[in-house]
Amino acid sequence: MSANQTPPPATPDAVKDSAFLKACRREPVPHTPVWFMRQAGRSLPEYRKVREGIPMLESCMRPELVTEITLQPVRRHNVDAAIYFSDIVVPLKAIGIDLDIKPGVGPVVENPIRTRADLAQLRDLTPEDVSYVTEAIGLLTRELGATPLIGFAGAPFTLASYLVEGGPSRTYENAKAMMYGDPELWSDLLDRLADITAAFLKVQIEAGASAVQLFDSWVGSLAPADYRRSVMPHSAKVFQAVAEYGVPRIHFGVGTGELLKLMGEAGADVVGVDWRVPLDEAARRVGPGKALQGNLDPTILFTTPEAVEAKAREVLDAAAGLEGHVFNLGHGVMPSTDPDALTRLVEYVHTQTAR
């Protein structure tokens, strides 16, 4: 879809029959669908232009701006799905957590959660708290035509890591100290976050999102036994809460090669794989009955077009025997990526996999 084209009116069947949703359901596809994590902006000059002077969290609360930013990569790259432009801390901000996203740093929480009394900060999320999400998704689904929209949220562990640490961390020492030293408080914290996350995803699905992705960005810092005991039940609660809607549920984390089977068991229909594990090996670890998403190393996009195609071919070859495959990067688009490299990559995957 070019910038000057108006998409055809969407019908439920047109969206349902899209290559992206077919792949998520492990059905035959006309080509391997492509979308990129962090595709909504970051590397696009048109994104930087519309965001100029607008803080990140404020930009997530302006429905018309959210709509424009979400549509930009769909217009430019011809990706097979849009992902709703937001941030994983938006639902926390919406319930009154004192936090901000500081440029060059990330989410910073003014009063970290360290004690049971601190849990009082976490009230239930209502649709009214995020009415701008409902409005933006309504605008988007009208504009997207047959292109599906992916809703998303941060998973309980990753949200907890920000809340307990007070901001980004490389070691998660405070979060892990709570997990190991006060497992009851840790469980209660993640349980509340699971409810907030589920409510946020329900708002997006009810407004028109065709699939959802749960980002557990930092869960790769855990050993499998700790994940199974202290995290997996809460992620499973989120997936179970939205199961009744029948939309595909995607689960993604970074550095999660040792957790892939468990992440699938948590309830996802599609398991996202970072670049460290080839997709054929990831399929063996996850087991049958799941589609996979991934997993080109984002740094490959800084090299030559020929090298990008060669590495993309390796991903496609590794995915040849999968029940369902959504082509993606193994993590997010880096801000200094050449947008044309992404456009060429989409075209290459579509051409190479046309059936």
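# Briefing: burial and local geometry in a predicted chain

Arg-26 sits in the loop between α2 (19-24) and α3, where α and β label helices (DSSP runs of H or I, at least four residues) and strands (DSSP runs of E, at least two), numbered from the N terminus. The phi of Arg-26 is near 65 degrees, a positive value in a residue other than glycine. The model is predicted, so local features need pLDDT of at least 70 and side-chain atom pairs count only at pLDDT 80 or more, while totals for chains, interfaces and linings use all residues. Residues are numbered from 1 along each chain as its sequence is written, and side-chain values use heavy atoms, with hydrogens and water left out.

**Overall form**

- The chain contains 16 helices and nine strands.
- A compact globule of 355 residues would have a radius of gyration near 20 Å, and the 19 Å of the chain agrees with this; the radius is taken over C-alpha atoms, and the globule rule is 2.2 Å times the number of residues to the power 0.38.
- The C-alpha trace spans about 55 × 45 × 40 Å along its principal axes.
- Of the 355 residues, 58% count as buried (under 20% relative accessible area; exposed is over 50% and partly exposed in between, with a 1.4 Å probe and protein chains only).
- Among contacts (heavy atoms within 4.5 Å) between residues at least 6 apart in sequence, 73% join residues at least 24 apart.

**The nonpolar core**

- The largest nonpolar core (buried Ala, Val, Leu, Ile, Met, Phe, Trp, Tyr and Cys residues joined through side-chain atoms within 4.5 Å) has 128 residues, of which Phe-20, Leu-122, Leu-189 and Leu-345 touch the most other members.
- Helix α10 (residues 183-207) supplies the largest share of this core, 13 residues.
- Beyond its neighbours within four places in sequence, Leu-345 is in contact with residues including Phe-36, Leu-296, Phe-327 and Leu-329.
- In soluble globular proteins, nonpolar side chains tend to be buried together.

**Two helices and their burial**

- Helix α8 (residues 156-165) is largely enclosed by the rest of the structure, because ten of its ten residues are buried.
- The buried residues of α8 include Thr-158, Ser-161 and Glu-165, alongside Phe-157 and Leu-159.
- Just after α8, Gly-166 adopts a positive phi of about 90 degrees.
- In helix α12 (residues 232-241), the buried residues are Met-232, His-234, Ser-235, Val-238, Phe-239 and Ala-241.
- The cover over the buried residues of α12 includes α8, α10 and β5 (211-215).

**Two partly exposed valines**

- Val-50 belongs to helix α3 (residues 45-51) and is partly exposed at 27% relative accessibility.
- The C-alpha atoms of Val-50 and Leu-65 are separated by 7.7 Å, although the two residues are 15 apart along the chain.
- Apart from its neighbours within four places in sequence, Val-50 is in contact with Leu-65, Glu-68, Ile-69 and Gln-72.
- Val-108 belongs to strand β3 (residues 106-109) and is partly exposed at 23% relative accessibility.
- Val-108 and Gly-166 are 58 residues apart along the chain, yet their C-alpha atoms are separated by 5.7 Å.
- Not counting residues up to four places away in sequence, Val-108 touches residues including Asp-98, Lys-102, Gly-166 and Gly-167.

**Backbone details**

- Arg-26 is partly exposed, with a relative accessible area of 35%.
- Tyr-172 lies in the loop between α8 and α9 (173-181) and has a positive phi of about 55 degrees although it is not a glycine.
- Tyr-172 is buried, with a relative accessible area of 9%.
- A cis peptide bond, with omega about -5 degrees, joins Gly-294 and Asn-295; Asn-295 is found in strand β8 (residues 291-296).
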